[in-house]
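Okay, everyone, thanks for squeezing me in. Let me put the sequence and the structure up on the screen, and then I'll walk you through a few spots.

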Amino acid sequence: MKRAMLALGFVAVSAHAQVVATAGNRIVVAHDGRVELFDASANSVWSAEGVDQPSSIATSADSIAIVDSFNNRVSVVHPGTEVAERIVTGETPVDARFIGRDLYVLDRAANRLERVGGSTVSVAPDPAFMRAAGNMLYVYSRLDGVVQEIDPAAMRVRRTLTVTPFASDFEVDGRSGYLVDPRAAKLRTFSLDSMQRTADIATGAVPVDLAVTTKPNVLSASRLAIADPAS
């Protein structure tokens with residue numbers, strides 16, 4: 001709860017703040033063409049040039065990428081410097097992930113996943129979410145309701161699983177994948193190991209968002225938090 005309140009405080013730094021993400025025990029805020037880094041006590045650590053219309057943020061141990069879906073741009077910055085590398089992407093970037101030092105960007109209108117400075121791979125129509133687990137990338141595409149497992153080293157689709165169309169959120173925990181299906185009021189799950197569907201869990205009235213708050217271990221399953229404003 002304390003961390004949640006701090007995050008709300010960071011957003012209030014600017015009336016136009018738009019996107020917030022975590023970087024270890026620090027908080028990244030992208031707004032007004034700037035990206036700022038705050039420590040856990042809400043002290044400003046660093047600020048640099050960002051993007052005009054930030055839509056999402058990806059972080060690694062030493063880099064921050066701010067995605068601008070409207071202008072087909074990604075700005076990559078390194079905390080401690082004032083240098084921002086502006087990268088032109090494919091049409092409508094909607095998500096990004098770091099694996100090691102490589103940055104991967106999901107382009108919705110182009111139906112592709114790109115490795116910045118490298119190759120691309122085509123994905124199913126209307127890709128919406130990209131997640132990483134076990135050195136693999138998982139892309140969910142809403143129109144066909146499929147999850148595609150992508151090997152980032154080879155930049156190829158390894159396996160595809162049809163789950164449900166038009167999910168409102170997609171998360172992974174290293175063992176399972178979870179898709180929020182608001183129309184059916186269910187959480188659709190599948191195994192990352194077998195890429196086979198597992199349980200469909202009834203949840204609330206119109207679930208819309210999901211967070212993995214505790215990841216699984218040998219003794220227990222993951223703990224999930226689901227947002228369901230209708231109930």
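**The pocket, the charges and a few odd residues**

Let's begin with the largest pocket: 31 residues line it, and those nearest its centre are Val-20, Ala-21, Thr-22, Arg-97 and Glu-171. Before I go on, please keep in mind that this is a predicted model.

So which elements give two or more residues to that lining? They are strand 1 (19-23), strand 5 (56-59), strand 9 (93-99), strand 13 (127-133), strand 17 (169-172) and strand 21 (209-214). Strand 21 gives the most, with five residues. The space in the largest pocket comes to about 1200 Å³. If you sort the lining by class, you get 16 nonpolar residues, eight polar ones and seven charged ones.

Now, charges. As a reminder, side chains of opposite charge can pair when their charged atoms come close. How many salt bridges does the model have? The count comes to 14. Some of them join up: Asp-95, Arg-97, Arg-131, Asp-169 and Glu-171 are linked in a network of salt bridges. You've heard two of those names already, since Arg-97 and Glu-171 are among the residues nearest the centre of the largest pocket.

Let me pick out three individual pairs. Take Glu-149 and Arg-159, a salt bridge whose closest N and O atoms are 2.9 Å apart. Glu-149 sits in strand 15 (residues 146-151) and Arg-159 in strand 16 (residues 156-162), so this pair ties together parts that are 10 residues apart in sequence. Are the two partners buried or exposed? Glu-149 counts as buried because its relative accessibility is 2%, while Arg-159, at 26%, counts as partly exposed.

Next, Asp-107 and Arg-112. Their side chains meet in a salt bridge at 3.1 Å, N to O. Asp-107 has 0% relative accessibility, so it counts as buried. Arg-112 is at 26%, so that one counts as partly exposed.

The third pair is Arg-188 with Asp-181, where the side chains meet in a salt bridge at 3.0 Å, N to O. Here Arg-188 counts as buried, at 13% relative accessibility, and Asp-181 counts as buried too, at 3%.

Then there's a charged residue that goes without. Asp-68, in strand 6 (residues 64-68), is buried yet has no salt bridge. What is the nearest side chain of opposite charge, and how far away is it? That would be Arg-86, 6.4 Å away. A salt bridge here needs the nitrogen and the carboxyl oxygen within 4 Å. What the side chain of Asp-68 does reach is a backbone nitrogen, that of Phe-70, at 3.1 Å.

On to a couple of serines. Ser-63 is in the loop between strand 5 and strand 6. With a relative accessible area of 7%, Ser-63 is buried. Which side chains does the side chain of Ser-63 make polar contacts with? One is Asp-62, at 3.3 Å, and another is His-78, at 3.0 Å.

The other serine is Ser-47, which you'll find in strand 4 (residues 44-49). Ser-47 counts as partly exposed, with 21% relative accessibility; the cut-off for buried is under 20%. The side chains of Ser-47 and Arg-34 are joined by a polar contact of 3.1 Å. If you want a sense of scale, go from Ser-47 to Ser-168: they are 121 residues apart in sequence, and 32 Å apart in space, C-alpha to C-alpha.

Last stop, some backbone oddities. Asn-72 isn't a glycine, yet it has a positive phi of about 55°. You'll find Asn-72 in the loop between strand 6 and strand 7 (73-77), and it is buried, with a relative accessible area of 15%.

Thr-92 is another one: its phi is near 60°, a positive value in a residue other than glycine. Thr-92 is in the loop between strand 8 (84-88) and strand 9. With a relative accessible area of 14%, Thr-92 is buried.

To wrap up, if you keep two pictures from this, take the largest pocket with strand 21 giving the most to its lining, and Asp-68, buried yet with no salt bridge. That's it from me, and thanks for listening.

Methods: Residues are numbered from 1 along each chain as its sequence is written. This is a predicted model: local features need pLDDT of at least 70, side-chain atom pairs count only at pLDDT 80 or more; totals for chains, interfaces and linings use all residues. Side-chain values use heavy atoms; hydrogens and water are left out. On a 1 Å grid over the protein atoms alone, a cavity is a set of points where a 1.4 Å probe fits but cannot get out, and a pocket is an open set with protein on both sides within 12 Å along at least five of seven lines; lining residues have an atom within 4 Å of a point. Grid points are joined across faces, edges and corners, and a volume is the space filled by probe spheres set on the points. Helices (H or I, at least four residues) and strands (E, at least two) are DSSP runs, numbered from the N terminus. Ala, Val, Leu, Ile, Met, Phe, Trp, Tyr, Cys and Pro count as nonpolar, Asp, Glu, Lys and Arg as charged, and the others, Gly among them, as polar. Buried means under 20% relative accessible area, exposed over 50%, partly exposed in between (1.4 Å probe, protein chains only). Lys and Arg count as positive and Asp and Glu as negative; His and the chain ends are not counted. A polar contact is a pair of N or O atoms within 3.5 Å; within protein, one must be able to donate a hydrogen and the other to accept it, and residues adjacent in sequence count only if both atoms are side-chain atoms.
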